[in-house]
Amino acid sequence: QMQLVESGGGLVQPGGSLRLSCAASGVTLDYYAIGWFRRAPGKERERISCISSSDGSTYYADSVKGRFTISRDNAKNTVYLQMNSLKPEDTAVYYCATARWCGIAGRYYNYWGQGTQVTVSS
């Protein structure tokens, strides 16, 4: 069994913060690059962040750079996405996924979680 489970989503006011978690079972995240994606209603999926397995390098989409931080805890087989200064346009379903390296397109990521809803509204 190989599974990724996202958690930590919810309803938050603009300017607020959330921390998303991506917990893995049946797969060791140490050897994977881990990406965070989101899909808002009526929009295509967007890759917003990734962290490499080799050197821990991180990548962010311009839409979230400076506000979101990706990290990993290999001992817990978990990756995180700290989201600060949230905006209504951040409202989406957020997914984590594994890849061989961060640079590849989302369709080539191997394992995906079920997603967690983030809603930013006053």
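These legends describe close-up views of a predicted model.

**View 1. Strand S9 and its two pairing partners.** Strand S9 spans residues 92-99. Six of its eight residues are buried, so the strand is largely enclosed by the rest of the structure. Strand S4, residues 33-39, pairs with S9 in the antiparallel sense. Seven bridges join S4 and S9. Trp36 stands opposite Cys96 of S9. S9 also pairs with strand S10, residues 116-120. This pairing is antiparallel too, over three bridges. Here Ala92 has Val118 of S10 as its bridge partner.

**View 2. The aromatic pair Phe37 and Tyr109.** The model holds five aromatic pairs. In one of them, Phe37 and Tyr109 meet edge-to-face. Their ring centres lie 4.9 Å apart, with 85 degrees between the planes. The pair links distant parts of the chain. Phe37 belongs to strand S4, whereas Tyr109 sits in the loop between S9 and S10. The two residues are 72 apart in the chain. Both Phe37 and Tyr109 are buried.

**View 3. Tyr109 and Trp112 in the aromatic cluster.** Tyr109 forms an aromatic pair with Trp112 that is tilted. The centre-to-centre distance is 6.2 Å, and the planes stand 55 degrees apart. The two residues fall in separate burial classes. Tyr109 has a relative accessible area of 4%, under the 20% cut-off, so it counts as buried. Trp112 has 28%, between the 20% and 50% cut-offs, so it counts as partly exposed. One aromatic cluster takes in Phe37, Tyr95, Tyr109 and Trp112.

**View 4. Arg45 over the ring of Phe37.** Arg45 lies over the face of Phe37. The distance to the ring centre is 5.6 Å. The ring of Phe37 also takes part in the edge-to-face pair with Tyr109, and Phe37 is a member of the aromatic cluster.

**View 5. Positive phi at Asn77 and Ser85.** Most residues other than glycine have a negative phi. Asn77 is not a glycine, yet its phi is positive, about 55 degrees. Asn77 lies in the loop between strand S7 (68-73) and strand S8 (78-83). Its relative accessible area is 15%, so Asn77 counts as buried. Ser85 also has a positive phi, near 50 degrees. Ser85 is placed in the loop between S8 and S9. At 40% relative accessibility, Ser85 is partly exposed.

Key:
Residues numbered from 1 in each chain as written. Predicted model: local features only at pLDDT ≥ 70, side-chain atom pairs only at ≥ 80, totals over all residues. Heavy atoms only, no water. Buried < 20%, exposed > 50% of the residue type's maximum accessible area, 1.4 Å probe, protein only. Helix = DSSP H or I, 4+ residues; strand = E, 2+ residues; numbered from the N terminus. Pairing = 2+ DSSP bridges. Phe/Tyr/Trp six-rings, centres within 6.5 Å; stacked < 30°, edge-to-face > 60°. Lys NZ or Arg CZ within 6 Å of the ring centre and 35° of its normal.
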